[in-house]
Amino acid sequence: MPTFYGTEVTSRLMLGTAQYPSPAVLAEAFRRSGAGIATVSVRREAGGDQAGQDFWALIRDLGVAVLPNTAGCYSVREAVTTAQMARELFDTNWIKLEVIGHADTLQPDPFGLVDAAAQLAEDGFEVFPYCTEDLVLCERLVEIGCKVLMPWGAPIGTGLGLNNIYGLRSLRAHFPDIPLVVDAGLGLPSQAAHAMELGYDAVLLNTAVAKAGDPAAMAQAFGLAVEAGALAAHADPMDARDMAAPSTPVFGKALL
Amino acid sequence: MRIIVNGEAQETGAPTLAALLDELGKGEAKVATSVNEGFVPKQQRADHSLNEGDRVEIVAPRQGG
């Protein structure tokens, strides 16, 4: 199983906690998928509102590792302050760092991401950067202390799958020893299996499960898919070829 | 004095951030705070004086992807 900043996790599936029809369905999705990490956020809590406290009790009961995010942050300062608040709230140095650069695609801002990651790494955070598959960006992130990279598969919430398979494959080849996680854009378990077959260590998703008609069943399907994909990746897949090659022996065929 | 709490203007007599949280019934709640876009750790809230026009953010754990 993948190891993130010295902590071995129990599953290759990292699951978001937003958009489920109910807290009970969320809990069931985690139970059936075996996901080992839950992503969470920090948001304003109004006057007598107890939603945050209730949510925290639910997450604690899941018994999984918690990865807070800086979702929705467009500036370095916003992201850094959000990360600092999240560290205190969730009592973890882990932070899924999002610095968004474009409102329509929710594409990471690579310049702000490197700046924020450097500040946070300096401050003792263990940064999980939500990034693109750009090799130069990823090199910079590793240089400033990131020990895991989380390139997008496709824009958040689109379900388009792996948009740049060549880029993801290149990244894997370029960083053989850095844990790599496809984060965002997955819509189907087959896409998660494909990410694992490319040699990725884990996938992180939310909408594909939470917005399925049966989220718990879909979560289980993703859990099975990442295991199947990882097993295949380690089983040394055959090389593809253009021309057919019979699998049934030619020798011994009756002459009719 | 008049301050902004989570984007809403309000009157408060609280001299410090800790006193404001008590006033809002969140003294014991699992929340994190910032003032004027800078993080204020829990152990510094009692010493952090509030001033007219301060922008206070109070956040709690929430669902995320």
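Student: Glad to look at this one together. In what order do the elements of chain B run from the N terminus on?

Tutor: Happy to help, and bear in mind that this is a predicted model. Chain B holds one helix and five strands. Reading from the N terminus on, the order of the elements is β-β-α-β-β-β.

Student: What radius of gyration does chain B have, set beside the globule rule?

Tutor: The C-alpha trace of chain B spans about 35 × 25 × 20 Å along its principal axes. For 65 residues the globule rule gives 11 Å, and chain B comes close to that, so it is as compact as a globular protein of that length. The radius of gyration of chain B is 11 Å.

Student: And chain A: what is its radius of gyration?

Tutor: Chain A has nine helices and ten strands, and its C-alpha atoms fill a box of roughly 85 × 40 × 35 Å along the principal axes. A compact globule of 256 residues would have a radius of gyration near 18 Å, and the value for chain A agrees with that. For chain A, the radius of gyration is 20 Å.

Student: What share of the residues of chain A count as buried?

Tutor: Buried here means under 20% relative accessible area. The accessible surface of chain A comes to about 12000 Å², with 55% of that belonging to carbon and sulfur atoms. Of the 256 residues in chain A, the buried share is 51%.

Student: What is the corresponding share of buried residues in chain B?

Tutor: Chain B exposes about 3100 Å², and carbon and sulfur atoms supply 45% of this area. Among the 65 residues of chain B, the buried share is 43%.

Student: Which residues have the most contacts inside the largest nonpolar core?

Tutor: In soluble globular proteins, nonpolar side chains tend to be buried together. The largest core in this model has 78 residues, and its largest share, eight residues, comes from helix α3 (residues 76-90) of chain A. Within this core, the residues with the most contacts are F4(A) and V203(A).

Student: Leaving aside neighbours within four places in sequence, which residues is V203(A) in contact with?

Tutor: One group of partners is R12(A), L13(A) and M14(A). Another part of the list includes V181(A), V182(A) and L186(A). The remaining partners of V203(A) are A192(A), A195(A), M196(A) and V226(A).

Student: How many residues are in the second, separate core?

Tutor: This core includes residues of chain B, among them A14(B), A29(B), V40(B) and V56(B). The number of residues in this second core is 14.

Student: Back to helix α3: is A79(A) buried or exposed?

Tutor: A79(A) is found in helix α3 of chain A. Beyond four places in sequence, A79(A) touches T70(A), C73(A), L97(A), E98(A) and V99(A). The relative accessible area of A79(A) is 0%, which is under the 20% cut-off, so A79(A) is buried.

Student: Which residues of helix α6 in chain A are buried?

Tutor: Helix α6 covers residues 165-174 of chain A. What covers its buried residues includes α5 (135-143), β8 (150-151) and β9 (181-183) of chain A. The buried residues of α6 are G167(A), L168(A), S170(A), L171(A) and R172(A).

Student: Turning to the loops, what is the phi of L106(A)?

Tutor: L106(A) is in the loop between β6 (94-97) and α4 (110-122) of chain A. At 27% relative accessibility, L106(A) counts as partly exposed. Although L106(A) is not a glycine, its phi is positive, at about 50°.

Student: What about the phi of E37(B)?

Tutor: E37(B) lies in the loop between β3 (32-35) and β4 (38-40) of chain B. With a relative accessibility of 37%, E37(B) counts as partly exposed. E37(B) is not a glycine, yet its phi is positive, at about 70°.

Student: One last residue: is G63(A) buried or exposed?

Tutor: G63(A) is in the loop between α2 (51-62) and β5 (65-68) of chain A. The cut-off for exposed is over 50% relative accessible area. At 68% relative accessibility, G63(A) counts as exposed.

Terms used
Residues are numbered from 1 along each chain as its sequence is written. Chains are lettered from A and ligands numbered from 1 in the order in which they are written. This is a predicted model: local features need pLDDT of at least 70, side-chain atom pairs count only at pLDDT 80 or more; totals for chains, interfaces and linings use all residues. Side-chain values use heavy atoms; hydrogens and water are left out. Helices (H or I, at least four residues) and strands (E, at least two) are DSSP runs, numbered from the N terminus. The radius of gyration is taken over C-alpha atoms; the globule rule is 2.2 Å times the number of residues to the power 0.38. Buried means under 20% relative accessible area, exposed over 50%, partly exposed in between (1.4 Å probe, protein chains only). Accessible areas come from the Shrake-Rupley method with a 1.4 Å probe; for residues, only the protein chains shown count as cover. A nonpolar core is a set of buried Ala, Val, Leu, Ile, Met, Phe, Trp, Tyr and Cys residues joined through side-chain atoms within 4.5 Å. Contact means heavy atoms within 4.5 Å.
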